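Student: Could we go through this structure together, asking at each step what justifies the words used for it?
Tutor: Let us do so, taking each term back to the value behind it.

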Amino acid sequence: MKTLRIGSGAGYSGDRIEPAVELAEQGNLDYLVFECLAERTIALAQQARISDPEGGYDPLLSERMRRVLPFVGVRAGRRRLRVITNMGAANPVSAADEVRRIARELGLALKVVAVVGDDVLEVLKPELLLDNGQTVGSLGERLISANAYLGVDGILQALHADADVVITGRVADPSLFLAPQMFEFGWAADDWQRLGRGTLVGHLLECAGQVSGGYFADPGFKDVEDLARLGFPLAEITADGEAVITKVAGSGGRVSCATCTEQLIYEVHDPAAYLTPDVTADFSQVGFVEESTDRVRAQGADGRIRPEKLKVSVGYLDGWIGEGQMSYGGPGAVARAQLARDVVLKRLELMGVKMQDVRAELIGMDSLHGPRSRVEPWEVRLRVAARCEDRGEAVRVGNEVETLYTNGPSGGGGASKSVRQVVAVASLLLPRDKVNPRIEA
């Protein structure tokens with residue numbers, strides 16, 4: 001029986017590169033998938049593309065590809081390895097050009113294909129309602145991006161075109177992993193049960209190190225060996241969609257029923273109706289069997305007809321955040337930091353700084369859970385941040401914290417300040433016939 005091997009090379013844009021190289025070199029893979037787009041990531045990429053029309057793709061694309069491309073394609077005595085990734089972000093075409101350039105530098109003859117069609121900004125109507133209650137039209141010039149969550153369609157086109165590397169923009173995370181399963185096993189687009197099973201595989205792999213012990217570890221409760229050498233996961237999949245989750249032998253981390261269960265419920269609102277562009281997956285009867293160390297069989301997933309509409313992530317500018325920080329240490333550190341906080345907030349009020357939201361907290365004391373700590377730390381850091389419509393107002397927030405050096409309580413040090421533009425994200429649903437996934441070779 002044919003067994004397909006798919007590895008996860010990244011779970012977010014800034015993820016580690018070494019585990020992906022380990023998978024490419026030692027995982028005996030058919031596919032290596034890099035999932036690198038969060039909700040805000042593509043909006044930020046669209047913003048970057050405005051400044052540089054050739055930019056807008058993942059900043060680690062070049063380094064990742066330079067490290068793994070030598071293992072891609074047909075190699076004697078090895079499976080043919082292909083790469084699928086959404087690192088194209090806001091500009092899959094330029095990203096594909098960059099991968100081709102790197103391949104030529106390395107002396108490799110690889111076919112690189114871009115999947116486009118997720119950018120739907122031009123088809124949005126002003127009256128469309130976002131999930132935050134605003135309309136598209138109300139955003140005006142603040143609107144910077146609108147990207148539909150594509151499914152497997154464009155990736156399948158690229159694989160049928162014999163691509164070695166497939167570069168997409170906004171594609172639903174599990175779809176990156178489902179597409180090669182459909183291609184290799186010939187699953188029909190309405191084989192809902194197998195698509196549900198394949199989506200489970202994608203969901204388990206999409207966050208990379210999370211399912212192999214990263215973010216799972218909790219010393220004394222959930223111990224994970226050699227976390228510094230954490231290995232990223234791979235799946236061994238059969239034609240019926242059953243899969244074993246494992247990792248490269250000798251790599252750090254842990255794959256267990258517990259790590260798989262935590263990843264299963266990650267970002268899943270309704271386990272019986274996990275909506276993707278390809279299928280309404282049903283994870284409610286999923287179970288895990290630990291076959292041996294670091295080998296867990298996933299089974300029991302099902303699926304139903306896919307949703308009629310696609311989710312669209314809309315990015316828009318929403319003001320500026322000004323921030324300042326100052327540290328206090330030694331005896332009375334908390335009292336001095338509390339006084340500093342009161343002073344800054346009063347000064348911002350006296351100066352009439354226009355702020356929509358403000359947060360003033362003592363990191364190490366009340367920044368996460370409020371004023372609950374009964375043990376006074378030996379050191380604490382004040383952070384004051386505010387969101388403002390005007391950049392100049394946001395600048396004043398950090399400046400006022402910095403003035404604590406000579407105008408606040410004693411013993412402050414390590415001041416920092418920053419201003420950043422807020423890129424907010426909202427969502428809407430769009431009929432499928434408004435979206436046209438396609439490839440550019």
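Tutor: What follows is a set of questions and answers on a predicted model.

Student: Why is His-203 called buried?
Tutor: The relative accessibility of His-203 is 0%, and buried means under 20%, so His-203 falls in the buried class. His-203 belongs to helix 7, which runs over residues 192-205.

Student: What makes the pairing of His-203 with Gln-263 a polar contact?
Tutor: A polar atom of the His-203 side chain lies 3.0 Å from the backbone oxygen of Gln-263, and the limit for a pair of N or O atoms is 3.5 Å, so the distance satisfies the criterion. When neighbours within four places in sequence are left aside, the contacts of His-203 are Pro-174, Gln-263, Leu-264, Tyr-266, Val-268, Tyr-274 and Phe-283.

Student: Gln-263 and Leu-264 also belong to helix 8; how do you know that the buried residues of helix 8 are on the same side?
Tutor: The buried residues of helix 8 (residues 257-264) are Thr-259, Cys-260, Gln-263 and Leu-264. They cover an arc of only 140° around the axis, and therefore they sit on the same side of helix 8. The general background is that an α-helix has 3.6 residues a turn, so residues three or four places apart point the same way.

Student: Which elements do the buried residues of helix 8 pack against?
Tutor: Their packing partners are helix 7, strand 8 (243-247), strand 11 (287-292) and strand 12 (295-299).

Student: What makes a residue such as Ala-109 exposed?
Tutor: With a relative accessibility of 78%, set against the requirement of over 50%, Ala-109 counts as exposed. Ala-109 is placed in the loop between helix 4 (92-105) and strand 4 (112-116), and its C-alpha is 66 Å from that of Gly-332, with the two positions 223 residues apart in sequence terms.

Student: Why is Asp-226 called partly exposed?
Tutor: The relative accessibility of Asp-226 is 43%, and the intermediate class is bounded by 20% and 50%, so Asp-226 counts as partly exposed. Asp-226 lies in the loop between helix 7 and strand 7, and it has a positive phi of about 50° although it is not a glycine.

Student: What makes a positive phi worth noting?
Tutor: Most residues other than glycine have a negative phi. Glu-267, in the loop between helix 8 and strand 9, is another non-glycine residue with a positive phi, near 60°. At a relative accessible area of 56%, which is to be read against the bound of over 50%, Glu-267 is exposed. A positive phi, near 50°, is also found in Asn-28, which follows helix 1.

Student: Where does Glu-267 stand with respect to the largest pocket?
Tutor: The largest pocket holds about 1000 Å³ of space. It is lined by 40 residues, and those closest to its centre are Glu-39, Asp-173, Glu-206, Glu-267 and Tyr-274. At least two lining residues come from each of helix 6 (173-185), strand 9 (274-275) and strand 14 (309-329), and strand 14 gives the most, with 3 residues. By class, the lining has 20 nonpolar, 8 polar and 12 charged residues.

Student: How do you know that the structure also holds a cavity, and what lines the largest cavity?
Tutor: A cavity is a space where a 1.4 Å probe fits but cannot get out, whereas a pocket is open. With 30 Å³ as the lower limit, the structure holds 1 cavity, and the space in the largest cavity is about 40 Å³. Its lining consists of Arg-197, Leu-200, Val-201, Gly-241, Glu-242, Ala-243, Ala-298, Gln-299, Gly-300 and Ala-301. Helix 7 and strand 12 are the elements that give two or more residues to this lining, and helix 7 gives the most, with 3 residues. The lining divides into 5 nonpolar, 3 polar and 2 charged residues.

Student: What makes Pro-126 a contact partner of Val-136?
Tutor: Contact requires heavy atoms within 4.5 Å, and, with neighbours within four places in sequence left aside, Pro-126 is in contact with Thr-135, Val-136 and Gly-137. The 4.9 Å between Pro-126 and Val-136 is a C-alpha to C-alpha distance, across 10 residues in sequence. Pro-126 lies in the loop between strand 4 and strand 5 (143-148).

Definitions and conventions
Residues numbered from 1 in each chain as written. Predicted model: local features only at pLDDT ≥ 70, side-chain atom pairs only at ≥ 80, totals over all residues. Heavy atoms only, no water. Helix = DSSP H or I, 4+ residues; strand = E, 2+ residues; numbered from the N terminus. Buried < 20%, exposed > 50% of the residue type's maximum accessible area, 1.4 Å probe, protein only. Polar contact = N/O pair within 3.5 Å; in protein donor to acceptor, adjacent residues only side chain to side chain. Arc of directions from axis to C-beta. 1 Å grid on protein atoms, 1.4 Å probe; cavity = no way out; pocket = protein on both sides within 12 Å on 5 of 7 lines; lining within 4 Å. Points joined across faces, edges and corners; volume = space filled by probe spheres on them. Nonpolar A, V, L, I, M, F, W, Y, C, P; charged D, E, K, R; others polar.
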